[in-house]
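Q: Got a minute to walk through a model with me? I'll put it up here.

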Number of protein chains: 2
Amino acid sequence: MLEVLRQYLLKQITLSDEELASIEEATTVKKLRKNQYLLQEGDVWRYNAFVAQGVVRTYTIDDKGNEHIISFAMENWWTGDRESLLTGKPSKYNIDAVEDAVILLIPKEKFTGLTKNIQPFNELVTAVVERSFAASQQRINVNISGDAVEKYQYFLNRYPQLALRVPQHMIASYLGITPETLSRIRKSNAKK
Amino acid sequence: MLEVLRQYLLKQITLSDEELASIEEATTVKKLRKNQYLLQEGDVWRYNAFVAQGVVRTYTIDDKGNEHIISFAMENWWTGDRESLLTGKPSKYNIDAVEDAVILLIPKEKFTGLTKNIQPFNELVTAVVERSFAASQQRINVNISGDAVEKYQYFLNRYPQLALRVPQHMIASYLGITPETLSRIRKSNAKK
DNA sequence: CGATTCTTTGAAAACAGTCAATCTGTGTGG
DNA sequence: CCACACAGATTGACTGTTTTCAAAGAATCG
């Protein structure tokens, strides 16, 4: 499974064999069965996590017990709770597997060492965070501008692969609408 | 106005006189009158921008001509379009002054030089982006979880200063609700 | 299969948006 | 200094969208 990470890295930056080895040496492999937790609310998150296989979701649970999905991650995406990682405080989020998944974990301290010593890796990581932020802003834009139909349409365009692998009620949760509303949108879309 | 930036930096990291000088040397001061643009949709954004004084807003305009505010920035906040900066593509956003403002601009190339040469500055910048991302995720959480009342409440708690300096209809735009709805929420809040 | 989870459907209620009119405060020019 | 214009905020009546609740159909998995 380290192979997936290697491919990902070499597609974007140039690394010597030693550099690549030091990255791979720092990672541990964690297999998750469907529904198994990677992180539970209240725990401190201490890793950088790369999805080598499968799909995971990050979500909160509100006072009424409803889940709200903050993000999904699939192959070649990074996941985890950056906020808890940065502050050292307990996480407000849960992360679990939507499908069986394989996650590559790099502990915080080792990761920091890697970014310090390997400049291209550091730049890659910075770019990942910046892109995540940009995507997040765009999602906010859609959320404050559009109605349920537009939010769903945007999701389909942006993440067509995810739409096929994630149950509908989770997509609804991600969009901030009810499963019933999503079902009705799909019905009315189908008529065209 | 460089003084504001200096205070901001020294409060968070240690810098030698030369390092500080190299940062200040790279910055130019831009004064904005209320309503004046810092960035217009379609232009490429090439700076890192620090707000030394005043308030600015970043927003989009949709097909129907409605404005949607993506973010505000006030003293000691960074602003700009990171997406355009990163990709070199034309911006989808507008940025203008809500109040008269003073913005410190550091051109992209110079900024990159600074982050390369001054490690603490680099770490500070990385932390800023990470915190921005975390804040963005929290905003998404509120947006997909809560109704209009909760979104407004969250805004008041999180940005009490902004709430006093920004007109109500802009807060409504930021929250993704109409000015009328916000007015009604305030009325019903006042009754308690 | 049988049980559970997911999706669909319907009807009613809650919520937010639209449109139009009025009110309020601020600043400008006469 | 007043009067008027203008932008922003409020209010009411109405419309439209989304949620809620309840029930019935699919699909999936052990």
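Q: What's the make-up, by class, of the surface near DNA strand D?

A: By class there are four nonpolar, five polar and six charged residues on that surface. Nonpolar here is Ala, Val, Leu, Ile, Met, Phe, Trp, Tyr, Cys and Pro, charged is Asp, Glu, Lys and Arg, and the others, Gly among them, count as polar. Bear in mind that this is a predicted model: local features need pLDDT of at least 70, side-chain atom pairs count only at pLDDT 80 or more, and totals for chains, interfaces and linings use all residues. Residues are numbered from 1 along each chain as its sequence is written, while chains are lettered from A and ligands numbered from 1 in the order in which they are written.

Q: Which residues come nearest to strand D?

A: A:Asp147, A:Ala148, A:Thr181, B:Gln168 and B:Ser183, out of 15 residues around DNA strand D. "Near" means that the C-beta atom, placed from the backbone, lies within 6 Å of the strand.

Q: And which element gives the largest share there?

A: α9(B), with six residues. Helices are DSSP runs of H or I with at least four residues, strands are E runs of at least two, and both are numbered from the N terminus.

Q: OK, DNA strand C. Which element gives the most to that surface?

A: There α9(A) gives the most, six residues. Of the 15 residues around DNA strand C, the nearest are A:Gln168, A:His169, A:Ser183, B:Asp147 and B:Thr181.

Q: Switching topic: how can chain A be laid on chain B?

A: By a turn of 180° and a shift of 0.0 Å along the axis, with an RMSD of 0.0 Å. That is the relation of a two-fold axis. The superposition is by least squares on the C-alpha atoms of residues with pLDDT of at least 70 in both copies.

Q: Which residue of chain A comes closest to that axis?

A: A:Phe133, whose C-alpha is at 2.5 Å from the rotation axis.

Q: How many residues does each chain put into the contact?

A: 24 residues come from chain A and 24 residues from chain B; a contact means C-beta atoms, placed from the backbone, within 7 Å. On the chain A side, α5(A) has the largest share, 15 residues. That side has nine nonpolar, 10 polar and five charged residues. Also, 100% of the interface residues of chain A are interface residues in chain B too, so the copies meet through the same surface.

Q: What's the strand order in the chain A sheet?

A: β2-β7-β4-β5, an open sheet of four strands with antiparallel pairing. Strands count as paired if DSSP finds at least two bridges between them. β2 and β5 of chain A are at the edges with a single partner strand each, so one side of each has no neighbour in the sheet.

Q: How many bridges join β4(A) to β5(A)?

A: Six. In that pair A:Val56 stands opposite A:Ala73 of β5(A).

Q: What about helix α5 of chain B, which strands does it touch?

A: It packs on the sheet, touching β4 and β5 of chain A, and its direction makes about 135° with that of β5(A). Axes are lines fitted to C-alpha atoms, for helices over the stretch in contact, with angles from 0 to 180 degrees between N-to-C directions.

Q: Last one: where is A:Ile61 found?

A: In strand β4 of chain A, residues 56-61. Leaving aside neighbours within four places in sequence, A:Ile61 is in contact with A:Asn66 and A:Glu67.

Notes
Contact = placed C-beta atoms within 7 Å.
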